[in-house]
Each structure stands twice: as C-alpha cells, then as structure tokens.
Amino acid sequence: MIGLGVPWSNPKTRKRKQYNLYLSKFKIDIAMNLIENLKWRYATKAYNNIKVTEEKVDQILEAINLSASSCGLQSYRVFVVSNPEIQKKLGADSYNGQISSCSHLLVFAAFTDMTSSYIDDYIAMTEKQRGLDTGALSRFKNGLHSYFSAINVEQKALWAAKQAYIALGTALIAAAELKVDATPIEGFNAATIDEVLGLKEKGLHSTVILALGYRDSEKDYMAATKKVRLPIDEMITKIY
C-alpha cells in the first residue's frame, strides 16, 4: 500500500487532514457553547447591584453595530444609559422595574424618516470604506431613493423599527455569549423616553429597550424555572 502512494502516507496530507478535523471539532464546540448559552439566558426579572464592565458592554455594542440591517442602512441608533436618576425617569411610567434596576439600559431608537441626504451620505461612506470610485454605487443609491420616495413616513418609521428589532436579537445573543443577563422590554412609555433623551429632535423614536446586568437569583422568581419552548419539530419545518 505504501508503494502505491496512498495519500495517508504523505506527512503533509496527514497534517492537513488532522488540522481539518481539529477545525471541524472546534466549530462544533463553538456551536454547542452558543446553544448552551442560549439555554442559559432568559428574560431576567430582577437584577442585583453588580455593574457590567464597560469592556463587555462595548462588545455587545460592537455586535449591534455588526448586526444585519436592510440595505445595510442601519436605520436606528442606540442610547446607553447607566445613570440611576435618568433610568428612574425613563421607567417612571412602566411596570418593568428592570429599567431602573439594571446595570445598563440600551434604548433602540429607530429613524422617524429615511431622508435622501442620509442615503447619499451612507452610500458615499460605503464607497469610501470599500475603496470604490465616487459614484460606483449610483445604481444602488438610485434604487434606494426610488423605493423610499414611494412610501410614506409611517411606513418608513415601521421599516426602521423592524431593523432595530434585528439588532435587538443580535444584542441578546451577544449578551448570552458573555454571560450577561438581559431583558428585552416593550412595556414602556415611548413619549417619556423620547422626551427624556430628546429623541424627537434627533429624528428618532424609541422602539424597544434592553436591560443588561446580572440576575438576582433570590428575588427573581424566574431564575430557577425551566426554559419552556415548543418541540423543535413543531417549531421548524424543513422543506428540501
């Protein structure tokens, strides 16, 4: 067999195969860790007083910035609040105590409108970052202008809000990977948050918020409960 030159006899081939096997196992381990971390996370109901480090908060924020968004336009902004007095104001009209008790509160604020100037500026930035000639993306830019000019302001605001929710999902996964507890919250007074943060003047409106921190296992009645989800074969339909 050796005389026939079987590939396994080649040290370089063996080394490459061993590396590929190691890489495959490494990818599987990462995927399994992700699933375990998602099993660990839940919508935390009570937080303790431990602050999340700025390093971890910044990693979550970077994940948000890398999140998918329609046409890549990133039609929302994120406000990070870690001031007890401001948090108390933001949660004054809400039954969600996590707003004021969490370590950091992320407010996802979607665009109220998608303006032509924003599209122009974003396309110019894209061309510059990708090293393209000015005008290289003109066809794409014109398509965006055409689409957004054909829908009204309410439709644009709804579209932008949907993009913020995609980013929220990314943030939840990132937080779970870092073992930071998180609570996505819709139960808040948008008018209050918009006023306190001055969002209207910035052409934004609060869409959804995310509390970050660490669970208070003694006070949180959900901390020790089993995560309940539908059987995966009921949730998922594969069509091949």
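Reader: Which residues is I193 in contact with, leaving aside its neighbours within four places in sequence?
Author: First, this is a predicted model: local features need pLDDT of at least 70 and side-chain atom pairs pLDDT 80 or more, while totals for chains, interfaces and linings use all residues. Residues are numbered from 1 along each chain as its sequence is written, and side-chain values use heavy atoms, with hydrogens and water left out. Contact means heavy atoms within 4.5 Å. With those sequence neighbours set aside, I193 touches L90, V107, F188, L199, S206 and I209.

Reader: I193 turns up in the largest nonpolar core too, so which element gives that core its largest share?
Author: A nonpolar core is a set of buried Ala, Val, Leu, Ile, Met, Phe, Trp, Tyr and Cys residues joined through side-chain atoms within 4.5 Å. The largest one here has 32 residues, and I193, L197 and I209 are among those with the most contacts inside it. Several elements give two or more residues, including α5 (116-129), α7 (153-177) and α8 (190-197). The largest share, 5 residues, comes from β2.

Reader: How many residues does the other core have?
Author: That core lies apart from the largest one. V57, I60, F108 and V180 are among its members, and its size is 22 residues.

Reader: Moving to charges, what is the N to O distance between K156 and D113?
Author: They form a salt bridge (a side-chain nitrogen of Lys or Arg within 4 Å of a carboxyl oxygen of Asp or Glu). K156 sits in helix α7 and D113 in the loop between β2 and α5, so the pair ties together parts 43 residues apart in sequence. K156 is buried at 12% relative accessibility, whereas D113 is partly exposed at 29% (buried is under 20%, exposed over 50%, partly exposed in between, with a 1.4 Å probe and protein chains only). The distance is 3.2 Å.

Reader: Is D181, the partner of R215, buried or exposed?
Author: R215 and D181 form a salt bridge, with the closest N and O atoms 2.6 Å apart. R215 is in the loop between β4 and α9, while D181 is in strand β3 (residues 181-185), 34 residues apart. R215 has a relative accessible area of 16%, so R215 is buried. At a relative accessible area of 3%, D181 is buried.

Reader: And which residue does E36 form a salt bridge with?
Author: The partner sits 3 residues apart from E36 in helix α1 (residues 11-40), so about one helical turn separates the two. E36 counts as partly exposed at 41%, and its partner counts as exposed at 52%. The closest N and O atoms are 3.6 Å apart, and the partner is K39.

Key. Helix = DSSP H or I, 4+ residues; strand = E, 2+ residues; numbered from the N terminus.
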